Amino acid sequence: MKLNLLFFFFLIINSFPAIAQEILDSSPLPIVVINTQGQIILDDPRIQARMGIITNEDGNRNLLSDPFNEYDGRISIEIRGSSSQLFPKKGYGLETQMPDGSNRNVSLLGMPKENDWILHGPFSDKSLLRNHLAFSLGAKLGQYTPRTRLVELILNEDYQGIYLLMEKIKRDDDRVDIEKLSPTTLSTDSLSGGYIIKLDKGTGSGAWQGWNSQAGSFFQYDYPDSEDINAAQEVYIQSYVDSMEEALFSPLYQDSEIGYRKFLDEASFINFILINELSKNVDGYRLSTFFHKERGGKLKAGPIWDYNLAFGNANYCSGSGTFGWGLNFNQFCPGDGANINNYWDRLLTDPAFGKAVGERWADLREGSFHTDSIMSLIDNFQLQMDDAVERNFDRWPILGTWIWPNVEVAASYPGEIQYLKDWIRDRLDWMDQNMPFISKQVLGVYSRPSISVYPNPFENEINLNVTSTISDELILEVLDLRGKVVRELEIIRESGFTLIYQWDGKSSNGTDPGSGIYLYRLRKGEILIENGKLIRK
């Protein structure tokens, strides 16, 4: 059903007529100008084009009449992305090139020299900021995160709006700083690194080129890619991941010398959990999920990638809720074709790991993840964009219009920003209150109760499935929007259980309160475990 609705939406959104608009004269953001000289940009292969970038470092506005002073030269370019390709505002991958077509490593807008770049065009993310915000926060975690810069794009004399010029994930001294492997690298010492592997969709170059690990995860080769990796390198990285999984799922997995810590970089996995949980990234842990390994080093989680459906911008699989752990995706969407592997739950059964997650969260909340700090970031981004926002939505007049997979639809850009800010505040508050569930100070993630609801919306009856692996005394409540309890069920079990509770839409006294929006709440005493929305037709 979700795919049918998505297809229907894409048909509608791509039927929007092109909007004629006067090209901007000046901008507070750098201006990127691309000319394909009449060629159509394809998904594959790349085509040749020219690109120029205008930027003034003195704080003055960038004038379209200014000369190209940041870059002026040849590029190759293609459409990139998966589902986002079907939006009218496209994303692009590009390579800066010498006149003969060879790689040209250049510094763009203060980012280190390289030749592979991304132009991300936020469309369904009407804040225009979700990826920019996630990468900015990720950079504060102390490990490599792709750098990003806000720009305005003109393509073939057609204004395209606000884009994010960003680094592509790539092996490089200034990006993923791992050792270089060549197809001829065979020596035992060199085979241990470096590698980049990922869990992702089966789209793009090298899709489905990889292997199934012993624990059932399909890893794709990213570096070396499937065309360059040799047999000895394949054997090494596959064997290393298998050894890590054996240690992680062994009875002695918590042992500091022979357990998972021998193979896995704990700090990077903790950081990865916290940025994905803060943003409640519906794709987190299962898609666009990268890992890398240095020569002689351990497997690290990251870099982070793809957060346009995060921060409350996904109306499926509990992506919109400020409550609940993103780690519970498999319970929210058990039938999804790309579920989260079992690494994360297993790690969180280790009390020391859970405690470290809680302590790291507490430290971040005093600094980079402090509510005021995040709100200030968003405010600064808005100031940088200034009048470019109005131009973007003149070009793409979608404010007040539902775009897949929006949750809330604001009538104005300030309304979109307010929704983003309110969502983040509520998410931070929920994580502060419930972090003991991760740190195991109260209840471990592996054993914590969970709830799933279906069908939702419903007409006459809805199932609320409560699952716990330990003895629990829980309260499940249905409330109206004023917070009044409509129905309450006390759950007491002496051992693990799954309870399917069917609510017939009636209150405790047997009356029928009628159709509308209701709330469910699962709690253990005064501790909120999970809550959410029920819609009765």
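Guide: Before we start, one term is useful: two strands are said to pair if DSSP finds at least two bridges between them. Please also keep in mind that what you see above is a predicted model.

Visitor: Okay, so where does Arg149 find its bridge partner?

Guide: Arg149 has Leu165 as its bridge partner, and Leu165 lies in β9. The two strands behind this pair are β8, residues 148-155, and β9, residues 158-167, which run antiparallel and are joined by 8 bridges.

Visitor: And what does α9 touch on that sheet?

Guide: Helix α9 packs on the sheet by touching β8 and β9, and its direction makes about 120° with that of β9.

Visitor: How many residues of α9 are buried?

Guide: Of the 8 residues in α9, which spans 388-395, 6 are buried, and the helix is therefore described as mostly covered. Among the buried ones are Val389, Phe393 and also two arginines, Arg391 and Arg395.

Visitor: Back to the strands, then: which ones make up the barrel?

Guide: The closed barrel has 7 strands, running β2-β3-β5-β6-β7-β9-β8, and their pairing is mixed. On average, neighbouring strands of this sheet are turned by 40° against each other, if direction is ignored.

Visitor: What holds strands of a sheet together, in general?

Guide: Strands of a sheet pair through backbone hydrogen bonds, and they can do this either parallel or antiparallel.

Visitor: What does β5 pair with on the β3 side, and how many bridges are there?

Guide: Strand β3, residues 47-54, is joined to β5 by 7 bridges, and the two run antiparallel; here Ile53 stands opposite Tyr71 of β5. Strand β5 is also joined to β6, residues 91-97, by 7 bridges, again in an antiparallel arrangement, with Ile77 having Leu94 in β6 as its bridge partner.

Visitor: Why is β5 called largely enclosed?

Guide: The reason is that 7 of the 10 residues in β5, which covers 71-80, are buried, so the rest of the structure largely encloses this strand.

Visitor: Changing topic: is Leu481 buried or exposed?

Guide: Leu481 is exposed, because its relative accessible area is 58% and the cut-off for exposed is over 50%. Leu481 sits in the loop between β17 and β18, and together with Ile517, Leu519 and Ile535 it forms a nonpolar surface patch with about 310 Å² of accessible area.

Visitor: Last one, how many helices and strands does the whole chain have?

Guide: The protein chain has 10 helices and 21 strands, and buried residues make up 54% of its 537 residues. The chain exposes about 23,000 Å², of which carbon and sulfur atoms supply 49%.

How values were computed
Residues are numbered from 1 along each chain as its sequence is written. This is a predicted model: local features need pLDDT of at least 70, side-chain atom pairs count only at pLDDT 80 or more; totals for chains, interfaces and linings use all residues. Side-chain values use heavy atoms; hydrogens and water are left out. Buried means under 20% relative accessible area, exposed over 50%, partly exposed in between (1.4 Å probe, protein chains only). Helices (H or I, at least four residues) and strands (E, at least two) are DSSP runs, numbered from the N terminus. Axes are lines fitted to C-alpha atoms, for helices over the stretch in contact, and angles run from 0 to 180 degrees between N-to-C directions. Contact means heavy atoms within 4.5 Å. Patches are made of residues with over 30% relative accessible area and no salt bridge: like charges are joined within 9 Å, nonpolar side chains (Val, Leu, Ile, Met, Phe, Trp, Tyr) within 5 Å. Accessible areas come from the Shrake-Rupley method with a 1.4 Å probe; for residues, only the protein chains shown count as cover. A salt bridge is a side-chain nitrogen of Lys or Arg within 4 Å of a carboxyl oxygen of Asp or Glu.
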